Protein chains: 2
Amino acid sequence: MQLKDLDPILHSQLRLKIVSHLMAAESSDFNEVKEVTGASSGNISVQVKKLQKAEYIKVEKGFKNNYQHTALSMTEKGTKAFETYVEELKKYLNL
Amino acid sequence: MQLKDLDPILHSQLRLKIVSHLMAAESSDFNEVKEVTGASSGNISVQVKKLQKAEYIKVEKGFKNNYQHTALSMTEKGTKAFETYVEELKKYLNL
DNA sequence: ATAATTTTGTTTATTTTATAAACTACTTTA
DNA sequence: TAAAGTAGTTTATAAAATAAACAAAATTAT
């Protein structure tokens, strides 16, 4: 039973936390992600950019209460990738 | 809902394949791992060593048909770590 | 008014990790 | 006995994660 490779975009500690949060929350922002992950801004910035480049999440920059504000949400592609990842992972975990 | 960090020993593409295989097979060897993972000997050697150092797997070196032979199996600690990993991961995946 | 602090990030440098290439040692086969 | 195969290990390279340093605007304190 040859196990397939897991999607490397998703199989990362921090990116999985981010995506897991966005899947549950439907939509969120940079700060909320910072809170729920406990990661540094720098690390989040880098990982968000990777998720965006892969077109797994949508990044909308704007303003909120005079401060810059970055809204984050899953794309269709990201949602599907996550679901595929979950299905593949189940085989690893015997679920 | 703050997600806990996943066990970094297990949250690795190749090591997870190895452990997943050993969990299912009860016991195995270097070659079988090479076949089911499709990874290079070098990579497997390194990752097996990490799993051994963490005391997640038992590595028994001996001989079989005149050739050196490395038997691999889960330890109690490794089995528990895997089960904990699965439980934690379920929270990420909403399972 | 302006200096210090806070918010919300990005860029860059460092550390860690994964991977494969090169090597070792022994066995079998031609 | 030379070439090829088995079963790995060691080491060098490539990729990834992380944090430190930086930036730019907003707010608060003096």
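Reader: Which elements supply at least two residues each of the surface near DNA strand C?

Author: On chain A they are helix H2 (30–37), helix H3 (41–53) and S3, and on chain B they are H1 and helix H3 (41–53). This is a predicted model, where local features need pLDDT of at least 70, side-chain atom pairs count only at pLDDT 80 or more, and totals for chains, interfaces and linings use all residues. Residues are numbered from 1 along each chain as its sequence is written, while chains are lettered from A and ligands numbered from 1 in the order in which they are written.

Reader: What makes a residue count as near DNA strand C, and how many surround it?

Author: Its C-beta atom, placed from the backbone, has to lie within 6 Å of the strand. There are 24 such residues, and the closest are A:Gly42, A:Ser45, A:Thr70, B:Ser12 and B:Gly42. By type, the surface has eight nonpolar residues, 15 polar and one charged. For those labels, Ala, Val, Leu, Ile, Met, Phe, Trp, Tyr, Cys and Pro are nonpolar, Asp, Glu, Lys and Arg are charged, and the others, Gly among them, are polar. A:Gly42 is one of the closest residues, and as a Gly it therefore goes in the polar class.

Reader: And what surrounds DNA strand D?

Author: 23 residues do, the closest being A:Ser12, A:Gly42, B:Phe30, B:Gly42 and B:Thr70. Two or more residues each come from helix H1 (13–25) and H3 of chain A, and from helix H2 (30–37), H3 and S3 of chain B. Here the split is eight nonpolar, 14 polar and one charged.

Reader: Why is H1 of chain B called a helix, and how does its length fit?

Author: A helix is a DSSP run of H or I with at least four residues, a strand is a run of E with at least two, and both are numbered from the N terminus. H1(B), residues 13–25, has 13 residues, so it clears the helix minimum. Its first and last C-alpha atoms are 18 Å apart, close to the expected 18 Å; the expected span is 1.5 Å times one less than the number of residues. Right after H1(B) comes B:Glu26, with a positive phi near 70°.

Reader: How do you know which residues of H1(B) are buried?

Author: You count other C-beta atoms within 10 Å of the residue's own, all placed from the backbone: 20 or more is buried, 12 or fewer is exposed, and in between is partly exposed. B:Arg15, B:Leu16, B:Lys17, B:Ile18, B:Val19, B:Ser20, B:His21 and B:Leu22 are buried. In chain A, 26% of the 95 residues are buried.

Reader: Why is A:Gln68 buried or exposed?

Author: A:Gln68 has 9 other C-beta atoms within 10 Å, so it is exposed. It belongs to strand S3 of chain A. Leaving out residues up to four places away in sequence, A:Gln68 touches A:Lys61 and A:Phe63, where contact means C-beta atoms, placed from the backbone, within 7 Å.

Reader: What makes S1 and S2 of chain A edge strands?

Author: The sheet in chain A is open, with three strands in the order S1-S3-S2 and antiparallel pairing. S1 (27–29) and S2 (57–64) each have a single partner strand, so one side of each lacks a neighbour in the sheet. S2(A) and S3(A), residues 67–74, run antiparallel and share eight bridges. One facing couple there is A:Gly62 and A:His69.

Reader: How do you know that S1 and S3 pair in chain B?

Author: Pairing needs at least two bridges found by DSSP. S1(B), residues 27–29, and S3(B), residues 67–74, have three, in the antiparallel sense, so they pass. B:Ser28 faces B:Leu72 in S3(B). S2(B), residues 57–64, is joined to S3(B) by eight antiparallel bridges, with B:Lys58 opposite B:Ser73. Their hairpin has two residues between the strands, and B:Asn65 has a positive phi near 55°.

Reader: Which residues does the contact between chains A and B take?

Author: It takes 18 from chain A and 18 from chain B. On the chain A side, H1 and helix H4 (76–93) give two or more residues. H1(A) has the largest share, five residues. That side divides into 10 nonpolar, six polar and two charged.

How values were computed. Two residues are in contact if their C-beta atoms, placed from the backbone, lie within 7 Å.
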